Amino acid sequence: MGVQVLVVGAGPSGLVLGCDLARRGVGVRVVDRAAAFFLGSRGDGLQPRTLEVFEDLGVLEAVLAAGDFAPVMRVFDSGEVVAEMRMAEPTEPTPDVPYPNLWFVPQFRTEEILRARLEELGGRVELETELVEFRQDADGVTATLRRGEVDEEVRVDYLVGADGGRSTVRKRSGIAFAGETDEAISAMLADVRVDGLDSAFGYAWVNGTIALSPLAGTDLFTISGQPPADGASVTLELLQRLVDEASGRTDIRVREIVWATVWRSNVRVAERFQDGRVLLIGDAAHVCPPTGGQGLNTGVQDAYNLGWKLAGSRALVDTYAVERVPIAHGVLELAARTLRRHMEGGEDALQRGSEFHQLALNYRGGPLSRDDRATPGAVRAGDRAPDAPCQEDGKAVRLFDVFQGPQWTLLEFRDGAVLAGERTLADTGGHARAAYGVDGFVLVRPDGYIGLVTEDRSAVGEYLESVG
C-alpha cells in the first residue's frame, strides 16, 4: 500500500492538496465536518501565482471562465460620479509571466471547480465527517472520524489540518497560535441580490460608510462596511437602511442575503507548521487581514508546496515548514501593513501592485535550494521558475507546458535551444535565455520552483539523491 493521507478541511487549501495528491496516486481522504458546502465569496481575489498553480492542476480554464478583472468602482457625491478607481489595472502578459492580473472569482465557485477536479481524479469530499481525536507514532497517525453517531478509526501516514483558524488539528496537537485579535478593527461583508444597480461597476458614496462591488460570474453584489455597533445581526433591514443613507436613492433594493459575516482583525501564525506526521496548511497555520488578498492564495501555496513532498520521502516532508513559515510571516506583514494604510485613510490604500502577486516569493537559502554558480544571476535556486514561449517541431510550446504534471523537469540551456528531458525546444525569441540567464542545467521542482542551478550534469544526480 502506498502513502495514505487524511486531509481535514475542504476549503481551497484542502482541496488543492487533495487534487495534487490524487494526481500523484497518493491515497487521500478529504473530510469536513460541515453539513453543506460553503456559499460565500470570502477569498475572491486570486493572485497570479495561484493562477499558475491552477493551470498545473488542470482547472485554470474553468477559473478564468468563472471570474473577471477587478471591477471599476464609481464614487458618487450627490448623485454624480466624482471618481473612478480600480484595485488593479489589467496588464498584458509577458513571456515569463503569462497571468499577470489579479482575477476575481467567488470562493464558493473556486471550491466548486476544485471539488469537480478532485472527483475527476477519483477523490471526493466527505461532509458531516468530524475529526474527534488522533494519536501519532513513528510510523503514522491513527485518527477517529465521527459521522453522525458512528465513529470510524483510520490509519494514515500523515494527517493534514486544513480546517481553518479554529483548527481542531492544531489545537489537539498543542500548537500555539501566536498573534493577536483586535476587536476594535472590524468589517461587515454580505453577498446580496440587489435591484437597481448596473453590475458592470462597483459603487461607493463620499458620505456613506458602505460600498457595493459586483461579484464576478454571479448576479450578486458584496456589501462591505462597518458592522452594527451594538453587535446586532446583519439583516435585510439593516443593509437597506445603510444603502438608503449612503446613496440617497430610493430605487436600490436589497432583496436577499446569500451570505454574511463580521470580520475582526486577526493576525496569527502557528508556532510550528509540523508536529511529526501532523501538518498544518492554510488558515490552520496562519490567518491575516483580508487586505491584499493574501489568505486564500497563501493557503493554496502551502498545499502546493506540501503535496509533492507527501508523495516523496519523509525527508522532503520535513522541509515543508522550513520553507513555508518565513513565507507566512512575510505575507502577514504585507497584509497588516496594507490594513494600516486603510485605517489611516491613505490615498493608495486600495491599490494592489506586484508585491501582492506572490510571484517573487522564494525559497532561496532553503534546504532544497542549491546554486553552484560562483556568481548567481537574477534568477536563482529557490525562485519560481519563469515561463517562456518556445517552439518544438515548428509548433508553439511554453516552458509551463513542459513543467505541467507531477514530475521534476531538467532544463539544459544551449545556444538557441533548451533541452527538457527528451524534448528539444527552440528558443526562437530568446525568451528562455532572457528569463533564466543560465549556461548549463536548471532542475525545476514539481511545484515549479528551481531546486538546482549547475554547470555540471553529474551534480543533478547528486542533488536528487541528497533531497531524497
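Buried residues are those under 20% relative accessible area, exposed ones are over 50%, and partly exposed ones lie in between, with a 1.4 Å probe and protein chains only. This is a predicted model, in which local features need pLDDT of at least 70 and side-chain atom pairs count only at pLDDT 80 or more, while totals for chains, interfaces and linings use all residues. Residues are numbered from 1 along each chain as its sequence is written, and side-chain values use heavy atoms, with hydrogens and water left out.

**View 1. Helix α2 is mostly covered.** In α2, which spans residues 48–57, 10 of 10 residues are buried; helices (H or I, at least four residues) and strands (E, at least two) are DSSP runs, numbered from the N terminus. After α2 comes G58, whose phi is positive, near 85°.

**View 2. N297 lies in helix α7 (residues 295–310).** N297 is buried, at a relative accessible area of 0%. Its side chain shares a polar contact of 2.7 Å with the side chain of T50, a polar contact being a pair of N or O atoms within 3.5 Å, where, within protein, one must be able to donate a hydrogen and the other to accept it, and residues adjacent in sequence count only if both atoms are side-chain atoms.

**View 3. R29 and E126 meet in a salt bridge of 2.7 Å, N to O.** A salt bridge is a side-chain nitrogen of Lys or Arg within 4 Å of a carboxyl oxygen of Asp or Glu. R29 lies in strand β2 and E126 in strand β7, so the pair ties together parts that are 97 residues apart in sequence. R29 is partly exposed at 26% relative accessibility, whereas E126 is buried at 7%.
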